Amino acid sequence: MPELPEVETIVRSLRPCILGRKISNIKVFLPKIIRWPGNETHAHEEPSAEHHEGLAAEYEELIGKTLINIYRLGKNIILQFSQGQYARIHLKMTGQLLVNLPGDPLKKHTHVIFSLDRGKSPDGGKSLYGGQSLDRGQSLDGGKSPDGEKLELRYRDIRQFGYIQIMTEQELAALIEGNSIGPDPLKISFPCFLARLRSKKGKLKAVLLDQAFLAGLGNIYVDETLYQAGIHPESSPLRLSDEKILSLHQKMQSILLSAIQHKGSSIRDYVESSGEQGHYQDLHQVYGRAGHPCLRCGTGIEKIRVAGRGTYICPRCQRVKRCEV
Ligand SMILES: [Zn+2]
């Protein structure tokens, strides 16, 4: 599943291509991928007749709207359109967002296509937006639209667990205020991280994976962080020293930043929007290395199960501090 660095990489690669363009059409080949608040079709369910009817009304809301911002919220990709419309995209296991020309062959498992207009600047907007980072809350005025070829933003998903949720500004605010999306691991300060962690019971790995605690970490980056901080994933947050938690905070942020620089880890299906793979998997120190020697002490890396997830540790560098609960 794409985690923070992969989602951030996708957002950064999409931004210069599609920001400022208008949605001219939407094609939905698999209705259950599109959701909206109050109509949560689950991955295994077939959508009802009401879903089909509601769907047309929901996505028609987006046609003619200009894409004014793209940002990451935890592991979600948020597309912000003019007039207070949003699409929240969660890629789950195998979702991909790809930018194509309209004539490009349609890959199998493409479920939704957003057709985008040409925009207004001759280089597709690269000179205006290339490499520029817009934070949440910032947006571009639709009048500065880039220009170029017509494009398509295609959503592809082999296992179909991902979704695109169409929502208003109020509905997005309610989602954030509902505490299901915690603070960002790259933005949380050490004092805040320490205070939040000290209030948690249970195994440290389970706490770090909880998106309401911090939004963006997943199995790979939690294992890498715990290894580099020298902390066992079953440790209790209540029993860690302040120094260990400081190390955890520092390693978490430095690993995520490095992974973003390397465009994420390509394991299974993750690619950025042009279809390129990331390279951080070559720098993993512990994840996926069972049986190989620890890079620090030479002990064999072990794969154990923590919080229901396959977990890689060095049994010597990450001493067990079991939870009391
Ligand atoms: Zn070791």
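Here are three short exercises on the structure above, each with a worked solution.

This is a predicted model, in which local features need pLDDT of at least 70 and side-chain atom pairs count only at pLDDT 80 or more, while totals for chains, interfaces and linings use all residues. Residues are numbered from 1 along each chain as its sequence is written.

**Exercise 1. Get an overview of the protein.**

Step 1: Start with the secondary structure, taken as DSSP runs numbered from the N terminus (helices are H or I with at least four residues, strands are E with at least two). The protein has 8 helices and 11 strands.

Step 2: Turn to burial, where a residue is buried if 20 or more other C-beta atoms lie within 10 Å of its own, exposed if 12 or fewer, and partly exposed in between, with C-beta atoms placed from the backbone. Of the 325 residues, 42% are buried.

Step 3: Look at contacts, that is, residue pairs whose C-beta atoms, placed from the backbone, lie within 7 Å. Among contacts with a separation of 6 or more, 73% link residues 24 or more positions apart.

**Exercise 2. Work out how helix H8 sits in the protein.**

Step 1: Check the length. H8 covers residues 242-261, and its 20 residues reach 29 Å from first C-alpha to last, close to the expected 28 Å (1.5 Å times one less than the number of residues).

Step 2: Sort the residues by burial. Leu248, His249, Met252, Ile255, Leu256 and Ala259 are buried. These buried residues line one face of the helix, because they fall within an arc of 145° seen down its axis (the arc is that of the directions from the helix axis to the C-beta atoms). On the other side, Asp242, Glu243 and Ser254 are exposed.

Step 3: Find the cover. Helices H1 (4-18), H5 (190-198) and H7 (219-229) are among what covers the buried residues of H8.

Step 4: See what comes next. Lys263 follows H8 and has a positive phi, near 60°.

**Exercise 3. Trace the partners of strand E4.**

Step 1: Locate the strand. E4 spans residues 76-81, and 5 of its 6 residues are buried.

Step 2: Take one partner, counting strands as paired if DSSP finds at least two bridges between them. E3 (residues 67-73) pairs antiparallel with E4 over 6 bridges, and Leu73 stands opposite Asn76. Their hairpin has 2 residues between the strands, with Gly74 in the turn at a positive phi of about 60°.

Step 3: Take E5 (residues 85-90), which runs antiparallel to E4 and is joined to it by 6 bridges. Here Ile77 has Ile89 as its bridge partner. The hairpin of E4 and E5 has 3 residues between the strands, and Gln83 takes a positive phi near 60°.

How values were computed: Contact = placed C-beta atoms within 7 Å.
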